[in-house]
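Thanks for coming. I will go through the contact between the two chains, and then one sheet. The structure is on the next slide.

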Amino acid sequence: MNNAMQLLTKFGRVAALLLAATLVAAHAHAQVRNSGASPIALNAVLSDSITLTLSGNAVNFTLTGGSPSNPGSTGITATTFWVLKPSVNSLKLYAFFSSSTAALTDGAGHNIPSADFQISANAGAFAPLTNTVAFGGANAGLLVSTVPIRGYNKAGTNSDVMTFNIDLAPIPTLPAGIYTGTLTIQAQAF
Amino acid sequence: MHRPGLPLKEELLLPTLGGKMKTVRISWAVMVGAALALSASLASAQVNSGAQTIALNANLAESLTLNLSANNVSFTLNAGSASNPGSGTVTATTTWTLGAGRNAVNVYAYFVSAAAALTDGAAGDNIPSSAFFISDNSGTAAALTNTVAFGAANAGLRLANVPITAANRSSSRTDAMTFNINLTGGTLGQLPANTYTGTLNIQAQAL
């Protein structure tokens with residue numbers, strides 16, 4: 001009699017376990033249904049760029065014959081914005097003329113050379129445009145500024161305040177006249 | 001054809017009887033492609049901004065200025081004497097910046113009247129400009145008897161003539177003047193005692 005009861009009890013437990021397992025499996029099968037994975041290819045291009053703007057586009061000079069100090073009428077600020085690739089290490093701002101011998105001219109054969117045109121960048125010392133730079137004529141340029149490009153400034157901005165002077169001491173016999181010219185400002189990253 | 005279990009890179013380099021030439025060609029293609037990619041990468045590493053221009057306008061105006069070291073000269077006259085020197089030397093400094101079309105700078109001394117360079121005023125007694133002499137830079141003294149660019153007829157003297165060339169379009173010069181009144185000519189020997197005053201003008205002109 002006891003054996004029969006024990007057997008019946010075991011049978012009941014096994015049946016209960018099987019029923020529970022069946023219910024859990026059925027419940028799980030009803031909650032989760034996955035589709036296949038469908039990929040979307042993403043392609044985002046952030047192009048490198050350098051934008052340069054100037055606060056003004058004209059400077060006048062009232063010259064005094066033979067004088068080393070003939071300041072320009074106004075300063076000009078060059079603001080450079082950039083977005084660059086990781087491989088770029090440096091951004092440079094240049095000022096240049098297309099000719100070193102005739103930076104300014106009266107059109108009658110009398111010239112002011114680039115060596116007598118000076119720029120002070122950010123209140124620094126005046127420097128003549130006598131270097132051969134990335135742009136412009138030979139010996140007609142000046143490196144205004146250099147910005148090292150690091151991980152923190154791959155995208156950034158920089159301002160350079162330029163003031164100008166014409167030194168007529170080396171050309172004291174320059175005849176009176178109106179001398180005009182074009183100074184070009186350009187940035188390069190590499 | 002890719003062989004299962006063998007990496008693609010190794011398979012390309014695997015010498016086989018049928019695919020050896022093909023493998024070499026593929027290797028060259030890979031190298032050339034890599035070189036082109038590197039070249040393109042280097043070329044794209046340089047980025048330029050647009051060029052921004054600044055118009056420059058410099059005006060060197062013409063100028064011609066003359067300054068004197070002094071503005072007064074006194075004379076102690078001796079009746080009938082040829083030599084009545086002035087009390088001091090006056091230096092005229094002429095400074096100019098001239099246009100390319102100029103050829104000369106002249107410096108003149110002159111009176112507004114030839115007959116009455118100096119006068120005693122209401123008494124009507126005069127010393128004419130012909131009796132007034134200037135020695136410029138220790139040169140020979142000359143009377144003011146010429147008609148020049150300024151002043152009265154026959155009442156002037158050109159002190160200097162400076163040719164202007166490309167070498168001196170902006171320059172200067174000095175004229176050191178000493179003075180004398182010659183009281184020997186005509187009726188000047190009978191000039192009455194009195195105080196005679198006058199104004200000598202010095203002026204420069206660029207042509």
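A definition before we start: two strands count as paired if DSSP finds at least two bridges between them. Keep in mind as well that this is a predicted model.

With that criterion, take the strand pairing that crosses between the chains. β2(A) is joined to strand β2 of chain B, residues 52-60, by 6 bridges, and the two strands run parallel. To pick out one position, T62(A) has N59(B) as its bridge partner in β2(B).

Now the contact as a whole. Chain A puts in 43 residues and chain B puts in 28 residues. On the chain A side, four elements each give two or more residues: β1 (49-54), β2 (58-63), β3 (76-83) and β11 (177-189). Which of these gives the most? That is β11(A), with 13 residues. By residue type, the chain A side that touches chain B has 25 nonpolar, 17 polar and 1 charged.

Next, a sheet in chain B. As a general reminder, strands of a sheet pair through backbone hydrogen bonds, either parallel or antiparallel. Here 5 strands of chain B make an open sheet, ordered β3-β4-β11-β8-β9, with antiparallel pairing. At the edges are β3 (63-68) and β9 (142-143) of chain B, each of which pairs on one side only.

Look at the β9 edge. β9(B) pairs with strand β8 of chain B, residues 132-136, over 2 bridges in the antiparallel sense. Within β9(B), A142(B) is the residue opposite I134(B).

That is what I have; I will take questions.

Conventions: Residues numbered from 1 in each chain as written. Chains lettered and ligands numbered in written order. Predicted model: local features only at pLDDT ≥ 70, side-chain atom pairs only at ≥ 80, totals over all residues. Contact = placed C-beta atoms within 7 Å. Nonpolar A, V, L, I, M, F, W, Y, C, P; charged D, E, K, R; others polar.
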